[in-house]
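I opened a fresh page for this one. My plan is to look things up one at a time and jot down what I find.

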Amino acid sequence: MIEKQVIVTAKSGIHARPASKIVKLANSFNSDIKLVYNGKALNAKSMMEMMTAAVPNGAEITLKIDGADETEAFAAFEKIVTEEE
């Protein structure tokens, strides 16, 4: 299991378009992928959970990734939540 805190630096945080990219990316991996924000563990494979999270720019989240492809998944997720949009 990989668990690491990351700062969301995407200008608009995680809203509709980034949430869609996150869900699509999450579903391309076999690992269990959670984003923890404000004490809530959110399933990164659920569009509803990603959309309602309303994670703003500058927020600290914890990525929790567990599975056979966790290393690759972590690298991809760290990039997507910090890329400028």
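Below are my notes, entry by entry, starting with what kind of model this is.

**Entry 1: before anything else**

I noted that this is a predicted model. I'm keeping that in mind for every entry that follows.

**Entry 2: the sheet**

I looked up how the strands are arranged. Four strands make an open sheet in the order 1-4-2-3, and the pairing is antiparallel. Which strands stand at the edges? Strand 1 and strand 3 do, and each has a single partner strand, so one side of each has no neighbour in the sheet. I also wrote down the twist, which averages 25° from one strand to the next.

**Entry 3: going through the pairs**

I took the strand pairs one by one. Strand 1, which covers residues 2-7, is joined to strand 4 by six bridges, and the two run antiparallel. I picked out one partner here: Gln 5 is bridged to Thr 62 in strand 4.

Next I checked strand 2 against strand 4. How many bridges join them? I found five, again with the strands antiparallel. Lys 34 stands opposite Lys 64 of strand 4, and Asp 32 stands opposite Asp 66, also of strand 4. I found it fun to see a Lys facing a Lys and an Asp facing an Asp.

Then came strand 2 with strand 3, which pair in the antiparallel sense over four bridges. Val 36 sits opposite Ala 41 of strand 3, and Tyr 37 has Lys 40 of strand 3 as its bridge partner. Right after this I looked at helix 3, which packs on the sheet and touches strand 1, strand 2 and strand 4. The direction of helix 3 makes about 10° with that of strand 1.

**Entry 4: the turn, and some odd phi values**

I went back to the connection between strand 2 and strand 3. They form a hairpin with two residues between them. Asn 38 is in that turn and has a positive phi of about 55°, even though Asn 38 is not a glycine. I marked it because most residues other than glycine have a negative phi.

Is Asn 38 buried or exposed? It is exposed, with a relative accessible area of 66%.

I found another case at Ala 54, with a positive phi of about 50° and again not a glycine. Where does Ala 54 lie? It lies in the loop between helix 2 and strand 4.

**Entry 5: the core**

I looked up the largest nonpolar core and counted in 26 residues. Those with the most contacts inside it are Ile 14, Ile 22, Ile 33, Leu 35, Val 55, Ile 61 and Phe 77. The elements giving two or more residues to this core are helix 1 (16-26), strand 2 (32-37), helix 2 (47-53), strand 4 (60-66) and helix 3 (70-82).

I followed Ile 61 a bit further. Leaving out residues up to four places away in sequence, Ile 61 touches Lys 4, Gln 5, Val 6, Val 8, Leu 35, Val 36, Tyr 37, Val 55 and Val 81. Two of those names, Leu 35 and Val 55, were already on my list of residues with the most core contacts.

**Entry 6: Thr 62**

I had met Thr 62 as the bridge partner of Gln 5, and I wanted to know how covered it is. Thr 62 lies in strand 4. Its relative accessibility is 13%, so it counts as buried, the cut-off being under 20%. Apart from neighbours within four places in sequence, Thr 62 is in contact with Glu 3, Lys 4, Gln 5, Lys 34, Leu 35 and Val 36.

**Entry 7: salt bridges**

How many salt bridges does the structure hold? It holds two.

I started with Lys 4 and Glu 78, whose closest N and O atoms are 3.3 Å apart. Lys 4 is in strand 1 and Glu 78 is in helix 3, so this pair ties together parts that are 74 residues apart in sequence. Both ends count as partly exposed: Lys 4 at 39% relative accessibility and Glu 78 at 27%.

Then I turned to Lys 34 and Asp 32, whose side chains meet in a salt bridge at 3.8 Å, N to O. Lys 34 counts as partly exposed at 24% relative accessibility, and Asp 32 is partly exposed too, with a relative accessible area of 41%.

Technical notes:
Residues numbered from 1 in each chain as written. Predicted model: local features only at pLDDT ≥ 70, side-chain atom pairs only at ≥ 80, totals over all residues. Heavy atoms only, no water. Core = buried A, V, L, I, M, F, W, Y, C linked by side-chain atoms within 4.5 Å. Buried < 20%, exposed > 50% of the residue type's maximum accessible area, 1.4 Å probe, protein only. Contact = heavy atoms within 4.5 Å. Pairing = 2+ DSSP bridges. Axes fitted to C-alpha atoms, helices over the stretch in contact; angles between N-to-C directions. Salt bridge = Lys/Arg side-chain N within 4 Å of Asp/Glu carboxyl O.
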